[in-house]
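Visitor: Could you take me through one part of this model in detail, namely the place where its packed helices meet and the pockets that they help to line? I would like the geometry and the residues treated together.

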Amino acid sequence: MSRRAIEAFYSATFDQIVPVSSCEAAEMSKILENIYRCVNIALVNELKLLCQRMGLNIWEIVDAAKTKPFGFQAFYPGPGLGGHCIPIDPYYLSWKAREFDFTAHFIELAGEVNTNMPYEVVSRVAQHLNARGIPLNSARLLVLGLAYKKNVDDCRESPSIKILGLLAGHGSALSYFDPHVSGYVSHRYGSLPGVELTELSDEALLSADATLILTDHDAFDFERIVKLSSTVIDTRNATRNVTENREKIILA
């Protein structure tokens with residue numbers, strides 16, 4: 001009776017609904033979708049790290065692979081996972097599995113890879129600053145993007161927040177800007193370290209030792225960012241269509 005009532009309610013709004021046998025099956029279906037993305041993002045993040053060592057461009061490789069008309073869905077690497085669903089929900093199932101004497105290996109391994117990505121970004125930044133004779137503990141860094149994905153203001157579990165904290169812990173002088181976010185305070189980490197900018201001025205770009213693109217918002221003028229920045233650490237391949245000053249762009 002309750003399922004029929006729920007079906008009637010949602011059918012009034014949606015063209016298609018998919019009834020299943022129980023609330024547990026419905027919840028598992030939702031978690032399966034989250035796990036699918038979590039595991040595949042971890043896979044491509046790990047391959048990104050390998051490709052960096054091999055001198056290959058992971059974005060070029062994924063774009064070539066996705067031309068296969070079946071059996072492949074493209075996932076792209078990034079600085080870590082964000083939002084509420086993918087970074088959190090799969091681990092409810094991993095915890096629940098222990099009640100059944102079962103270890104969810106794929107979930108836990110994916111978590112290790114994805115959780116480590118902010119640390120990999122910071123390591124990549126440090127390497128390239130050191131190559132220019134600038135230690136991380138005295139670098140002036142500009143971080144672009146706080147939201148966990150493009151064109152939204154949602155910062156829940158955003159890797160940008162973690163990366164800011166890690167850079168601050170190394171002593172970097174930080175400023176940050178997100179056109180969709182203002183005055184954000186993290187429930188987990190509190191107030192963000194560094195100086196929040198109300199606009200992305202030429203001076204801010206010119207004065208930074210490196211500019212980090214952590215969210216590829218459409219509002220960012222990537223041509224301008226690359227032109228005015230000393231170095232661009234691009235974690236999203238946001239500058240793929242920037243044709244000038246390629247020597248300034250470092251994929252992380």
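Guide: The crossing of α4 and α5 is left-handed, and in this predicted model the axes of the two helices come within 9 Å and cross at roughly 140°. That angle makes α4 oblique to α5. On the α4 side the contact is made by Pro 90, Tyr 91, Leu 93 and Ser 94, and on the α5 side by Ile 107, Glu 108, Ala 110 and Gly 111. Sorted by class, the residues of this contact are five nonpolar, two polar and one charged.

Helix α2, which spans residues 23-54, also packs on α5, residues 105-131, at an angle of about 45° and with the axes 9 Å apart. The two are therefore oblique to each other, and their crossing is left-handed. From α2 the contact takes in Ile 35, Cys 38, Val 39, Ile 41, Ala 42, Asn 45, Glu 46, Lys 48, Leu 49 and Gln 52, which meet Phe 106, Ile 107, Ala 110, Val 113, Asn 114, Met 117, Glu 120 and Arg 124 of α5. This contact divides into eleven nonpolar, three polar and four charged residues. Ile 107 and Ala 110 of α5 thus appear in the contact with α2 and also in the contact with α4.

The remaining pairing is that of α2 with α4, whose axes come within 9 Å and cross at roughly 120°, again with α2 passing α4 in a left-handed crossing. Here α2 contributes Met 28, Lys 30, Ile 31, Asn 34, Ile 35, Arg 37, Cys 38 and Ile 41, while α4 contributes Cys 85, Ile 86, Asp 89, Pro 90, Tyr 91 and Leu 93. By class there are ten nonpolar residues in this contact, together with one polar and three charged. On α2, the residues Ile 35, Cys 38 and Ile 41 belong to the contact with α4 and likewise to the contact with α5; on α4, Pro 90, Tyr 91 and Leu 93 touch α2 and also take part in the contact with α5.

From these contacts one can turn to the pockets. The largest pocket has a volume of about 640 Å³, and of the 24 residues that line it, Ile 41, Tyr 76, Ile 86, Lys 149 and Arg 236 are the closest to its centre. Two of these names have already come up, since Ile 41 of α2 and Ile 86 of α4 both belong to the contact between those helices. Both α2 and α4, the latter covering 85-97, supply at least two residues each to the lining, and α2 gives the largest share, three residues. The lining as a whole divides into ten nonpolar, eight polar and six charged residues.

The second largest pocket has a volume of about 450 Å³, and among the 20 residues of its lining the closest to its centre are Leu 81, Pro 87, Glu 157, Arg 188 and Tyr 189. Two or more residues of that lining come from each of α4, α5 and α6, the last of these covering 159-169, and the largest share, five residues, comes from α5. Its lining comprises ten nonpolar, six polar and four charged residues. Helix α4 therefore serves as a link in this account, as α4 supplies lining to the largest pocket and to the second largest pocket, and its crossing with α5 is oblique.

Definitions and conventions
Residues are numbered from 1 along each chain as its sequence is written. This is a predicted model: local features need pLDDT of at least 70, side-chain atom pairs count only at pLDDT 80 or more; totals for chains, interfaces and linings use all residues. Side-chain values use heavy atoms; hydrogens and water are left out. Axes are lines fitted to C-alpha atoms, for helices over the stretch in contact, and angles run from 0 to 180 degrees between N-to-C directions. Helices (H or I, at least four residues) and strands (E, at least two) are DSSP runs, numbered from the N terminus. Angles under 35 degrees count as roughly parallel, over 145 as roughly antiparallel, 65 to 115 as roughly perpendicular and the rest as oblique. A crossing is left-handed if the near helix is turned anticlockwise from the far one by less than a right angle, and right-handed if clockwise. Contact means heavy atoms within 4.5 Å. Ala, Val, Leu, Ile, Met, Phe, Trp, Tyr, Cys and Pro count as nonpolar, Asp, Glu, Lys and Arg as charged, and the others, Gly among them, as polar. On a 1 Å grid over the protein atoms alone, a cavity is a set of points where a 1.4 Å probe fits but cannot get out, and a pocket is an open set with protein on both sides within 12 Å along at least five of seven lines; lining residues have an atom within 4 Å of a point. Grid points are joined across faces, edges and corners, and a volume is the space filled by probe spheres set on the points.
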